[in-house]
Amino acid sequence: MARELTHGASADSVGTRPRVAAQPFLRRNVPILALIGLLVVSGVYFSLASDTFLTLGNFLNIVRQSAPALILAVSMTMVMTTRGIDLSVGSLTAMVGGVGAVLMRDGWSVWAAIVVMCAIGVVAGSVNGFFVAYQGIPAFIVTLAGFTAFRGIALILTEGFSIPMRDERFVWLGQGTIRNVPVPVVIALVFGIIGWLVFNKTPFGMRLVAVGSNPEATRRSGVNTAALLLRVYVISGLAAAVAAIVIAARLGAGSSNAGLGLELEVITGVVLGGTSLFGGIGTMTGSLLGVFLIAMIANGLILLRLDPFYVPVVQGRFSWARCGCTPMWRVSATLRRDSF
Amino acid sequence: MVTPEEHEDGGSVPGLDTPEPDDFVLQASDLTKSFGSVAALRGATLELRAGEVLGVVGDNGAGKSTLIKTLSGVVAPDRGTIFFAGELVHFSSPRAARSLGIETVYQDLALCEHLTVARNLYLGRELTRHGLPWLDDRRMARSAEQFLERLGIVAVPGDAVVRNLSGGQRQAVAVAKAVAFSPRVLILDEPTAALGVREVEQVLDLVRRVRADGVGVILITHRMQDLFEVCDRLLIMYEGTDIARLTTKNTTLEEIVYYIDGGSGREHQRAGSITSAS
């Protein structure tokens, strides 16, 4: 359907390049560079302070532990780039895990259960998406309802118990390895790569940024923005289902307590990464690094035998430190704009 | 049908009041639209031929913007009909109007600040590679840059982020976005608001060029001199209706202002308005 611009045909018509500097690499990537700085500084500190921190085993350990959050960071980045938010994903992992456990307990095959789990994620996501995209209800309210309701359903299904899932093929998804790389790490990696490509290289990803930047302009450009928003919440629901499978398989059980606070961990990581809560700015790389940073800090502090009660406090401090970087690049952006 | 050459000397469309209906590329009649208790349109009628520039004039709140929003599918009218090239159409969305070739430059420019110039131009009709959903950013940037250069309003690099552009550059991008895909009807809502003298001249020149290509142009502007420079006909809006139709070469600023003011029994105010407008 796309056509070439009709009035701009001839190839040799470009003379001197017009001014307005394309932003230099460094400036364009201030948020991510700040994050990498934090990663390096804390990484060096933990490496010096602990013998076991800087080993491949520990690295894989961190990624395996944060795999569900990494998977959700991909979809959360998309959602937040459209000016939305999805608070329901943590509870949704509990509900999906609970349903899977009940089904397998009742003799369903692993694959059928997995399909149903994914389908539940999609349906839950479309309910969220329907209210956000077609009813115009703020995503915060809609997904807050899901946040409460989904965990409630998980409690009803499991009656508050942890229901064991013993099938080896299922458990492999959370505990197995492929050539010494834990399966959850592989799943998170695949999710991250696909997410990055979709977000940066496809018309869909570009329109996500557009709708977050200026919804009305995007609509006037002929994009079906409601359908676009619906799809992004469906992706979020599906990602929650995948995260739920990884969590349940790792624990070998479906529990109504799975994914408690997971949505906030993900949102923290995504915001740390440089994605704007106000839409239009999103970075997949930043989100993955942000989630990894939070997990790495927890891991490092535990290796240093810090009282676990202090871990969230330190993580919070890191968020503040990262926020401190925000004004710096805001100022530089303002300076750039004024120079024209 | 009027040939482009005749327009070169300042517009010479025959002043027919009731031409053949199928002459019109766009014909809207009796459009009404209320926003709550505010009636923005109370039965407005508009007709546009291919290859003519129609100036839509009126005071603030006369319904100009609402009128063109109904024509571009942004706002659905409460009542009234729109014929495009002789066929009855209902625009359920801007996409529907755009797919027929009705392109619009909105007063608020309607650009996405966080996207590059090229991605803005191609938003909704992205260039992809090998038929896959895979953006061809390089081709879009190159093509956008060449296109903007050909338009010659302001130089803008294709891979610059719109947030970093000046007002004039944004305006150029907005205009480029509308004329890029061979429109049949081009609607311009205050396209020269953010531009300097030279750039305004470039935009008006562009309007003449697309008119020569047989495009029907609707121009809304506050600058009276723009109207006289490029418009063939004028449609004057007053309180949600089309109060008068004028042929530019047969009218005067005085007459235009007279109708903008409501067109009746205001002899004293007319004199005052003309002074302040000119």
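This is a short chat about aromatic rings and ring-facing charges in a predicted model.

Q: Before we start, what kind of model is this, and how are residues numbered?
A: It is a predicted model, where local features need pLDDT of at least 70, side-chain atom pairs count only at pLDDT 80 or more, and totals for chains, interfaces and linings use all residues. Residues are numbered from 1 along each chain as its sequence is written, chains are lettered from A and ligands numbered from 1 in the order in which they are written, and side-chain values use heavy atoms, with hydrogens and water left out.

Q: OK, how many aromatic pairs are there?
A: Over all chains the structure holds seven aromatic pairs, counting rings of Phe, Tyr and Trp (its six-membered ring) with centres within 6.5 Å, where planes under 30 degrees apart are stacked, over 60 edge-to-face and the rest tilted.

Q: How are A:F46 and A:F53 arranged?
A: Their ring centres are 5.3 Å apart and their planes stand at 45 degrees, so the pair is tilted. Together with A:Y45, they form one aromatic cluster.

Q: Is A:F46 buried or exposed?
A: A:F46 is buried, with a relative accessible area of 4%, and A:F53 is buried at 7% (buried means under 20%, exposed over 50%, partly exposed in between, with a 1.4 Å probe and protein chains only).

Q: Switching topic, which ring does A:R220 lie over?
A: A:R220 lies over the face of B:Y106, at 4.1 Å from the ring centre, while B:R125 lies over the face of B:F181, at 4.5 Å; this requires NZ of Lys or CZ of Arg within 6 Å of the ring centre and within 35 degrees of the ring normal.
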